[in-house]
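Trainee: Could you walk me through the charged side-chain pairs here? I'd like to go through them one by one.

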Amino acid sequence: MDEPLGPRRRSGHDIKVRKWSDSTVIYEFDSSFEQEDRHTFEEAVQQIEWDTCVRFKEKSDVGGNNYKGPFTVIMKSMTCTEKPCKSYGVVDYMGATWSRLSIINHVLNPQSQRSVGLVVHELLHVLGLVHTQKRPDRDQYITILEDNIEDTPLARHQYAPCDHCETYGTNYDCMSIMHYRSCTLSAYAGECDLLKYTGRSYKPTMMPADGNSECDLRSLNNTVLTESDIELINAMYCKNEPSASTSASWS
């Protein structure tokens, strides 16, 4: 059975990450993942399963403690004591047969597509997808503004091109659920707030490349799977054959 190796520190597929056997992700909830969190997770899973052959099964349904294969632990952590808190998700590779998906400082709500989209995004990391702006062909579509990126190893890594990622010929999509927005990890976070953007102060980490006027990196509405996201997952796991209608609309 293939073993899932979470994208370490972290769209395309990181070919160093082994794919899940039988297109099935096995997971286990940590006690920190409460009822509303689980409802949000279920909604995220439904949105992925609707258009792909990928399936998610709880460890208890495939043998529980007797199950010896790879699995992902789903958990939540509230580490911020002073608001506003920065919320995000992390997928860590923890060992030969298991990884961990953590939702940090976010109150999950199954009625909010922003919450559901955050979980979808992290689940795609579990599947082996990387952030879209790391695609090896990204310079044809966006321009990275190195001077505006936080000077931390994590931030630099998230904007570095991936030389071992496969795009399967899918289109580059600035609205992919895996694409950062143009203020993500900006060194000038106080001046680069898309929610308060007025045009007077704006120091983004990236902008559309010349001639790519259709690329909107300011929009915060990339919370649903796009056609390119679905095509990439299907290319990775489903031999380009979705298991259900691709006409679903999630609001």
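Trainee: How far apart, N to O, are the side chains of Arg 156 and Glu 146 in their salt bridge?

Mentor: Happy to start there, keeping in mind that this is a predicted model, where local features need pLDDT of at least 70, side-chain atom pairs count only at pLDDT 80 or more, and totals for chains, interfaces and linings use all residues. Residues are numbered from 1 along each chain as its sequence is written, and side-chain values use heavy atoms, with hydrogens and water left out. A salt bridge here is a side-chain nitrogen of Lys or Arg within 4 Å of a carboxyl oxygen of Asp or Glu. Arg 156 and Glu 146 meet in one, and the N to O value is 3.2 Å.

Trainee: Which residue joins Glu 146 and Arg 156 in a network of salt bridges?

Mentor: Arg 156 is partly exposed at 31% relative accessibility, and Glu 146 is partly exposed too, at 41%; the term covers the range between buried (under 20% relative accessible area) and exposed (over 50%), with a 1.4 Å probe and protein chains only. The residue that links with them in the network is Asp 151.

Trainee: Is Lys 59, which pairs with Glu 28, buried or exposed?

Mentor: The closest N and O atoms of Glu 28 and Lys 59 are 3.7 Å apart. Glu 28 is partly exposed, at 29%. Lys 59 has a relative accessible area of 10%, so Lys 59 is buried.

Trainee: And how many salt bridges does the count come to?

Mentor: Another is between Asp 137 and Arg 135, at 2.8 Å, N to O. By the same rule, the count comes to seven.
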